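Please look over the sequence and the model together before reading on. The paragraphs below go through open spaces, then one helix, and then some unusual places in the backbone.

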Amino acid sequence: MKVQHYISGALMIGLGLQAISCSSQKNLTTAKLGLNKEFVQTNLEDAHKQITYLAASIQESDIPTTYKDGKYVNWGSSWWCSGFYPGTVLYLYEYTKDEKLLNEAKRKLNHLEKEKNNKGTHDLGFMLYCSFGNALRLTGDSTAYKEVLSTGAASLATRFHEAPKTIRSWDGGKNWDGQPWTYPVIIDNMMNLEFLTEVSKITGDKRFRDIAIQHANTTMVNHYRKDYSSYHVVDYNPEDGSIISRKTAQGAFDESAWARGQAWGLYGYTMMYRETGDSKYLEQARNIAKFYLNHPNLPKDLIPYWDMDQNKLTEESKYYHQKDLRDVSTAAVTASALLELAQYTKGSESQLYISKAEQMLKSLSSKPYKADYKEAGGYILKHSVGSIPHKTEVDVPLTYADYYYVEALIRYNRMLNGEKVIKQ
């Protein structure tokens with residue numbers, strides 16, 4: 001009975017995704033693209049040179065996170081960013097077919113594989129799917145990579161609990177009021193759901209997909225304000241699922257719209273529509289995009305401030321002197337998400353998303369955001385913000401900014417070739 005139910009459900013999902021695919025292909029062939037092959041080629045080739053320089057500048061066991069004061073910062077394989085560098089390398093391998101890049105990625109995967117057993121983090125999607133997921137997609141080597149992905153998804157699933165119907169983020173720490181977190185869930189978690197939905201397809205284990213859906217549904221209800229801006233952290237009572245508080249950890253203040261959090265949600269709900277065909281996720285993504293793109297504090301070059309409400313900070317705020325810093329990583333994530341969202345919408349709306357993504361890519365690909373060859377230690381982009389409240393990774397190059405920038409360029413290149421934006 002369970003097998004029959006799974007097959008029936010899988011058939012319905014497949015039909016839904018097929019409909020999405022056909023619709024998106026139609027939209028892509030009629031959309032007007034404002035960037036040309038030369039633009040994409042130049043920037044991907046520059047990225048290739050930069051990453052090759054970075055690869056030659058680090059140690060065998062290093063998985064780079066950032067570059068500061070002339071030094072490489074490597075937080076190790078258990079850091080949430082550990083999958084982005086090999087993922088970037090793999091995307092560039094996809095474009096260039098440079099076997100040296102594939103070998104570099106494989107070397108880093110050897111150091112990263114042990115994290116499949118890490119049950120102490122919610123970020124295994126970032127860590128394993130951006131890396132091993134791309135490796136499986138590009139090489140087809142199921143012997144080497146499927147076990148890592150399925151074990152990692154099982155580890156991530158242990159952090160889901162029935163009462164709050166979410167995946168727990170942190171296991172310790174306190175909010176800025178000094179109160180210990182009880183069961184904190186951050187908007188960033190939306191980005192780890194793709195890992196679960198994909199492994200569900202790989203393994204046939206429906207449980208992973210169900211967890212992703214429940215988490216997305218709960219987050220939609222509890223993380224979002226009426227204007228479709230997102231809180232950063234919702235702290236739950238794990239016994240009954242009630243909400244203890246809504247806070248920020250990396251934003252300017254609790255009620256502000258921390259910029260990268262808005263991008264995580266946009267990307268996450270666009271992806272969930274792709275994976276399920278459920279229209280409520282598409283509507284959520286469209287509403288988040290509307291909030292973001294129409295925000296009165298969004299700069300003309302579309303590279304946002306680290307918090308979209310930073311203009312409300314007063315001189316008494318301890319963040320005031322840093323309030324005007326931009327976050328390149330947010331723009332990179334948003335550009336990539338908008339290119340996918342354009343697949344699932346029509347007419348002027350689809351064109352708007354493409355045009356805005358193009359503007360973001362043009363800004364990211366020029367000064368002061370794009371690094372010159374060998375500048376910034378070989379990172380591709382400069383001027384990202386990790387966490388101003390934590391005083392970490394402030395106004396530096398960051399590995400995830402590079403990853404989503406290259407992903408956006410790869411997606412755009414597929415559009416230029418008349419292909420679907422997403423290859424699975």
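The largest pocket holds about 640 Å³ of space. A pocket here is an open set of points on a 1 Å grid over the protein atoms alone, with protein on both sides within 12 Å along at least five of seven lines, whereas a cavity is a set of points where a 1.4 Å probe fits but cannot get out; lining residues have an atom within 4 Å of a point. Grid points are joined across faces, edges and corners, and a volume is the space filled by probe spheres set on the points. This is a predicted model, in which local features need pLDDT of at least 70 and side-chain atom pairs count only at pLDDT 80 or more, while totals for chains, interfaces and linings use all residues. Residues are numbered from 1 along each chain as its sequence is written, and side-chain values use heavy atoms, with hydrogens and water left out.

Lining the largest pocket are 31 residues, and those that lie nearest its centre are W79, W80, W170, Q250 and H390. Two elements, strand 8 (384-387) and strand 9 (392-396), give two or more residues to this lining; helices (H or I, at least four residues) and strands (E, at least two) are DSSP runs, numbered from the N terminus. By class, the lining of the largest pocket has 11 nonpolar, 14 polar and six charged residues, where Ala, Val, Leu, Ile, Met, Phe, Trp, Tyr, Cys and Pro count as nonpolar, Asp, Glu, Lys and Arg as charged, and the others, Gly among them, as polar.

Where does UniProt place the feature "active site"? The unreviewed UniProt entry puts this feature at D123 and D188, and such annotations, given in the numbering used here with shortened feature names, may be inferred rather than shown by experiment. The two residues span 66 residues in sequence, yet their C-alpha atoms are no more than 8.6 Å apart, so they gather at one spot. Both D123 and D188 belong to the lining of the largest pocket. D123 lies in the loop between helix 4 (99-112) and helix 5 (124-139), and with a relative accessibility of 8% D123 counts as buried; buried means under 20% relative accessible area, exposed over 50%, and partly exposed in between, with a 1.4 Å probe and protein chains only.

The second largest pocket holds about 390 Å³ of space, and among its 24 lining residues Y129, N134, R137, E194 and K423 lie nearest its centre. Helix 5, helix 7 (193-203), helix 9 (259-276) and helix 13 (399-416) each supply at least two residues of this lining, and helix 5 gives the most, with seven residues. The lining of the second largest pocket divides into 12 nonpolar, four polar and eight charged residues.

Helix 5 deserves a separate look. Its 16 residues should span 22 Å at 1.5 Å a residue, and its end C-alpha atoms are 21 Å apart, which agrees; the expected span is 1.5 Å times one less than the number of residues. Helix 5 also has a kink of about 25°, centred on C130, where the bend at a residue is the angle between axes fitted to the seven residues ending there and the seven starting there. Of the 16 residues of helix 5, 13 are buried, so that the helix is mostly covered. After helix 5 comes G140, whose phi is positive, near 70°.

The structure also holds one cavity of 30 Å³ or more, and the largest cavity has about 40 Å³ of space. Helix 3 (84-96) provides the largest share of its lining, three residues, and the lining of the largest cavity has six nonpolar, two polar and one charged residues.

Some places in the backbone remain. K97 is not a glycine, although its phi is positive, about 60°; K97 is found in the loop between helix 3 and helix 4 and is exposed, with a relative accessible area of 54%. K165 likewise has a positive phi, near 55°, in a residue other than glycine, and at 36% relative accessibility K165 counts as partly exposed. The peptide bond from K367 to P368 is cis, with omega near 10°, and P368 is found in the loop between helix 12 (347-364) and strand 8.
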